[in-house]
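Here's a quick tour of some helix packing and internal voids. Have the structure open in your viewer as you read.

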Amino acid sequence: MTINTRTSNLGYPRIGANREWKKALEAYWAGRIGEEQLRAEMERYQLGNLRKQQEAGIDLIPVGDFTYYDHMLDTAVMFGIVPQRYRYEGGPAGLDLYFAMARGNSRAAACEMTKWFNTNYHYIVPEIGDIKPVLTENKPLAAYRFAKSQAGIDGKPVVIGLYTFLKLSKGFALSEIRSVAERFLPVYVQLLQELEREGAAWVQIDEPAVVTGLGKEDIELLGYIFDALHSAVPGLSIMLQTYFESAEPLEALLKLPVQGVGLDFVHDGGANLEAIERLGWPEDKTLGAGVIDGRGIWRCDPEDKLALAERLERLVPEDKLILQPSSSLLHVPVTVRSEERLKPEVRNALAFADEKLAELTLLKRALLEGREAAGTQWTGAKAALDAFRKLPERSRADVAGLERGLAELPDHRSPGYTERAKRQQDKWRLPLLPTTTIGSFPQTPEVRQARLKWRKGELSQERYDEFIRLQIADAIALQEKIGLDVLVHGEFERTDMVEFFGEKLDGFLFTQNGWVQSYGSRCVKPPVIYADVAFTEPMTVKESVYAQSLTKLPVKGMLTGPVTILNWSFVRDDLSRERVAYQIALALRQEVLALESAGVEMIQVDEPAAREGLPLKEKDRTHYLDWAVRAFRISTSLVRDTTQIHTHMCYCEFSDMIDAISDMDADVISIETSRSHGELIASFEEMRYDKGLGLGVYDIHSPRVPSVEEMETGINRALRALHPEQFWINPDCGLKTRGWSETEASLRNMVAAAEDARKKARAIQP
């Protein structure tokens, strides 16, 4: 038995139990509070997070995981990696510069934003170029001092590892990564030396990029980096932390001169445990065992986790085992305590961040003292899971019948795209380079307030419906005035593109306060798929039909696709994700047909999160893409050939799945490209894409209004790769988070840019 098994946490949610962090940021951006007040409030939230972990009995508490926006952005500005367009003059970056990199300003576009591995968290992509890194301020050191002075916590500083930082950055060729690493090593050494002098015992160096696969050159680069760090700080204990997948080849990591290696034993498919049993565990290294799911929301099965911990205990030298979550708890809500409306069988089966900390300490006690010492907490956890598993809605005969019939239903459209495109153009008579938007329009305080009053029963259904109709009518009139070619109803009735559908489908439930950070201050409250998913009644027909009745121009019906609903929800863990995706697809198929039957014959089924679920291992990707594409086609394959199916994707690198995008067989796909500064367009320059394509011409997550000339530049670049007859012009994403004035100004400029491009295209056409 391990005598001194410890617990550790890898990171804690920043947003606060009631999103206090988010509200403070937005108050600062709106000018309602100043910098001094913002910093004071942020320190208060940071201290509260630390004390929660301290009170939970966590032995190694992370410091430096708290941020004002994003941890990758923090690392970039800490090393002076600020693009020239921001006119940075050196030294610590002030808040205006820091937030400009994340959100853009009147002079400069924001840095690119993309997904953090296969999660729904977005990070700011550092732009390294030829910038010489300098340690402008040691943020982990400041966090370490803060925890020690304010809470008496000897914390574990968290640092993004150099290998991962470079792998997730841009501005240099892959062949140059070794030389870029050589430029960065001195500042990493300086950072760690300052932590060592301050007295830090452990430093967590996050290297999640290693789980995507290590080739010979990657292993050599990791060896070069960690050899240099060990030589510079031999007295500092370094925990090389991985997560989200198995670390392969594990033997390469175990040879590195680090004092500990953190592994994910939840999302690794059993590979990490198998590797340890095969290789053995070094006598001189500590194992950070990620045994509690850091990304899921379900209570762990205590017997399963204890069996795993006991198995690891037999493999790891005495006093070298640390129990921890599989990843940072950034990806789960803060606490279940406020979820009073859920039925007990479900509520008792949930575990958010605070409950996961309690699970860790309970597991440690059971491991050290036996199950009996864990008492009623142990038996209560087992009983709660048993009651949850027996819920009848988790095993519906009607849904099982639909699943059995999948093999008999077509999952592709007929005729093929080329013939469909001709018939659709004959029907719609759209101009060259048609303009449209992605779907949503600004959710003003008035819209949110009306929805809140309706939910509280303070506004009747009739009055609320009338309010929504007025918003739709105004949006249709504005789009016609601006000159858009294909319109949308604006989605004013929707809080969130996944939550809206989850509320209308069986098998979902919704938390009161289950918020998680998506990017910056943007928080989402993912639906919970806890049972079988089934269609009940039409969900979008009423608003779409009303919008179409107001105009002779086509209005798109707007749905969220099955894979995005899956990837942006917390999903039951007793079925495969593939099977749940098919359940959702079967339900959405009925909605698509209901829209078509009601006369809505342009239908957009958005899949912005399609790539998000892409496995981190290359060998697993083909299977995922096969079932993700099939789920989309199950949703859309029964429509008439003249019904035009659109889809949308955003905030990911798509160059490695262009073939899968084509296989979805949507008539038109729109993809975010503005933050990547046209890099995705190069993918279409290298291959022939044969369907309709809209490459976003401006970034909707920045408050700045792009000029006509700026958008024309993007359009002209795209037309070097695409034929004008297949190119659509649209913003990057929906406009929900923008204000009306900037929305109207940006769309007017977009339409003007499109008209200029049309004139040029007509002039060169034969």
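H3 crosses H4 in a right-handed sense. In this predicted model, the two helices, residues 71–78 for H3 and residues 95–103 for H4, pack with their axes 11 Å apart and at an angle of about 130 degrees. That angle puts H3 oblique to H4, because oblique covers what is left outside the roughly parallel, perpendicular and antiparallel ranges, and antiparallel only starts over 145 degrees. On the H3 side, Leu73, Asp74 and Val77 do the touching, and they meet Tyr98, Met101 and Ala102 of H4. Sorted by class, that contact has five nonpolar residues, one charged and no polar ones.

Now for the other pair. H18 and H27 also have a right-handed crossing. From H18, the contact takes in Leu478, Lys481 and Ile482, while H27 brings Trp740, Glu744, Leu747, Arg748 and Val751. This contact counts five nonpolar and three charged residues, with no polar ones.

Here are the two pairs in brief:

| Helix pair | Axis angle | Axis distance |
|---|---|---|
| H3 (residues 71–78) and H4 (residues 95–103) | about 130 degrees | 11 Å |
| H18 (residues 461–482) and H27 (residues 740–764) | roughly 35 degrees | within 10 Å |

On to the voids. How many cavities of 30 Å³ or more does a search of the whole structure find? It finds six, and the largest has a volume of about 70 Å³. Helix H23 (residues 621–636) gives the largest share of that cavity's lining, five residues. Among the lining residues are Val563, Glu607, Tyr624, Phe632 and Met664. By class, the lining splits into 10 nonpolar, one charged and no polar residues.

Technical notes. Residues numbered from 1 in each chain as written. Predicted model: local features only at pLDDT ≥ 70, side-chain atom pairs only at ≥ 80, totals over all residues. Heavy atoms only, no water. Axes fitted to C-alpha atoms, helices over the stretch in contact; angles between N-to-C directions. Helix = DSSP H or I, 4+ residues; strand = E, 2+ residues; numbered from the N terminus. Left-handed = near helix turned anticlockwise from the far one by under 90°. Contact = heavy atoms within 4.5 Å. Nonpolar A, V, L, I, M, F, W, Y, C, P; charged D, E, K, R; others polar. Parallel < 35°, antiparallel > 145°, perpendicular 65-115°, else oblique. 1 Å grid on protein atoms, 1.4 Å probe; cavity = no way out; pocket = protein on both sides within 12 Å on 5 of 7 lines; lining within 4 Å. Points joined across faces, edges and corners; volume = space filled by probe spheres on them.
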